[in-house]
Amino acid sequence: WEGFDALRDPRAPPDTLVETARGILYLGRDEPCRAISPLADACRAFEDVGFLAVFWSDAAIQCGEIDLAERLLADVRNMPHQAPRETVERVTAELCAARDHDDAAERLYRHLHELRSTLSFARFLESRGRLREAIERYALVVHGAPRETKPAKPYVAAMDGWWAEQSGSER
């Protein structure tokens, strides 16, 4: 996208579909703060598309804009073009976790089954110091993800943390 930015005439109006794709790409590449502006523009251009509002909410949570994320999720429920239920529930769980409503977050995470949801749950568990449970979830993600997209890095980091906590006899 950096190459695209260099070629684009800054005086020309942005292409809404390209900007939408760029926001989704940034979110998918774990660059949520870069995703916020293009996703906000996309939501203004496509007001009734629920999945875009959920993506914007997801990015907002990751960038600490919790109130914005909560407003966006509330609006999604009234949109005619709904986002996938599992995606809405995953982002709702992330919002609960960001608000330190751990019981509600965990209840939501426990019945979600998509790999992205499992990865989010693993990160939640790890952030709460529950490394053994996090490792189990990371293992499910690594096992179930396509080979070219295996998210092994957080799994290995959690394993290293768990291993370091073990006594010599436990190792």
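The following paragraphs describe the second largest pocket of a predicted model, together with Glu-94 and helix α7. Residues are numbered from 1 along each chain as its sequence is written, and side-chain values use heavy atoms, with hydrogens and water left out. Because the model is predicted, local features need pLDDT of at least 70 and side-chain atom pairs count only at pLDDT 80 or more, whereas totals for chains, interfaces and linings use all residues.

The second largest pocket (an open set of points on a 1 Å grid over the protein atoms alone, where a 1.4 Å probe fits, with protein on both sides within 12 Å along at least five of seven lines) holds about 320 Å³ of space, the volume being that filled by probe spheres set on the points. Of its 14 lining residues, those closest to the centre are Ile-61, Gln-62, Glu-94, Tyr-109 and Arg-123, lining residues being those with an atom within 4 Å of a point. Helix α8 (helices being DSSP runs of H or I, at least four residues) gives the most to this lining, with 5 residues.

Glu-94, found in helix α6, counts as buried (under 20% relative accessible area, 1.4 Å probe, protein chains only) because its relative accessibility is 12%. Its side chain is joined to that of Ser-120 by a polar contact of 2.6 Å, that is, a pair of N or O atoms within 3.5 Å, of which, within protein, one must be able to donate a hydrogen and the other to accept it.

In helix α7 (residues 102-110), the buried residues are Ala-105, Glu-106, Leu-108 and Tyr-109. Seen down the axis of α7, these fall within an arc of 165°, so they line one face of the helix, the arc being that of the directions from the helix axis to the C-beta atoms.

Terms used: Helix = DSSP H or I, 4+ residues; strand = E, 2+ residues; numbered from the N terminus. Buried < 20%, exposed > 50% of the residue type's maximum accessible area, 1.4 Å probe, protein only.
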